[in-house]
Amino acid sequence: RGLHMADCIVAQTDKQAEMLQADFGLQSEILRLPNALAREMAEEHPASVRDYAHARILWVGRIDRNKRPHWLLDLAAAYPDYQFDVVGEANVAGDYSAGFAEKAGNVENISVHGKVARHEIARFYRAADLLCCTSEFEGFPATFLEAWSFGLPVVSTVDPGGNIEKSKTGCIVSTVDEMCDAIGPQGLGVQGPAWSQNARELYEKEFSPDACLARFNDVLQKVA
């Protein structure tokens, strides 16, 4: 009932807008959430020069079974010249997180950094060549916005807002083998520069504070 009483309904993603239309017959305005922290981090810590032959792959998230960080074990074995940085920890320690930590600790090109303070995470984005997401499902990850603000491509098993596919900021995959191909010489090695440029352009156009606040202003003017 509340939805039908609203003067304006705001959705964050195209998918949310589609669900509102399909389930309730209601139209909505799509407004992106601005990420000022991402811009500040990128400006203070500009990205390093890319070296895709010795790529640095970043994974950021909760060490949890549905996030599937264990995929990194296969990726690291396939690319011994790559470095994989894992940032995050389990909400509650358990068999899965302990097992992953033990196995990753025995892999030379995987570094598990645990929980990192918000003001320190920029150095990982700055050093990385690509962000990978191995989750079974996600909402709209803030890590994507942070990566794009640094011009980092994203290779992911999910694309909640459809931005990776539409804006060609990386690659969508379904399996470990597909991710292995996507981060390899014929994926990242060939497409990396274009993905990186598209990522930065997408952030500035859709998710920078200036872009988001201008659209907020337009919506407020309509209902004022």
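Me: Is Glu146 buried or exposed in this model?
Reply: Glu146 is buried, with a relative accessible area of 1%, and please keep in mind throughout that the model is predicted.

Me: Which side chain does Glu146 meet in a salt bridge?
Reply: The side chain of Glu146 meets that of Arg118 in a salt bridge, with a distance of 2.2 Å from N to O. Arg118 lies in the loop between strand E5 (110-114) and helix H6 (122-127), whereas Glu146 is in helix H7, so the pair ties together parts that are 28 residues apart in sequence.

Me: And Arg118, how accessible is that one?
Reply: Arg118 counts as partly exposed, at 44% relative accessibility, while its partner Glu146 is buried at 1%.

Me: How many salt bridges are there by this rule?
Reply: The count comes to five salt bridges. One of them joins Arg56 and Asp85, whose closest N and O atoms are 2.5 Å apart. Because Arg56 sits in strand E3 (residues 56-60) and Asp85 in strand E4 (residues 83-87), this pair ties together parts that are 29 residues apart in sequence.

Me: What are the accessibilities for Arg56 and Asp85?
Reply: Arg56 is partly exposed at 31% relative accessibility, and Asp85 is buried at 4%.

Me: What does Lys67 pair with?
Reply: Lys67 forms a salt bridge with Glu138, and the closest N and O atoms of the two are 2.7 Å apart. Lys67 lies in the loop between E3 and helix H4 (71-78), and Glu138 lies in the loop between strand E6 (130-133) and helix H7 (142-149), so here the parts tied together are 71 residues apart in sequence. In this pair Lys67 is buried, with a relative accessible area of 12%, and Glu138 is partly exposed, with 27%.

Me: Switching to cysteines, how many disulfides does the structure hold?
Reply: The structure holds zero disulfides.

Me: Why is Cys132 not bonded to Cys133?
Reply: The sulfur of Cys132 has its closest cysteine sulfur in Cys133, 7.8 Å away, which is too far for a bond, because a disulfide requires the two sulfur atoms to be within 2.5 Å. Cys132 is buried at 2% relative accessibility, and Cys133 is buried as well, at 7%.

Me: Last one, where does Ser196 lie, and what does it touch?
Reply: Ser196 lies in helix H10 (residues 188-207) and is buried, with a relative accessible area of 13%. Leaving aside residues up to four places away in sequence, Ser196 touches Arg50, Tyr52, Gly151 and Pro153.

Terms used: Residues are numbered from 1 along each chain as its sequence is written. This is a predicted model: local features need pLDDT of at least 70, side-chain atom pairs count only at pLDDT 80 or more; totals for chains, interfaces and linings use all residues. Side-chain values use heavy atoms; hydrogens and water are left out. Helices (H or I, at least four residues) and strands (E, at least two) are DSSP runs, numbered from the N terminus. Buried means under 20% relative accessible area, exposed over 50%, partly exposed in between (1.4 Å probe, protein chains only). Contact means heavy atoms within 4.5 Å. A salt bridge is a side-chain nitrogen of Lys or Arg within 4 Å of a carboxyl oxygen of Asp or Glu.
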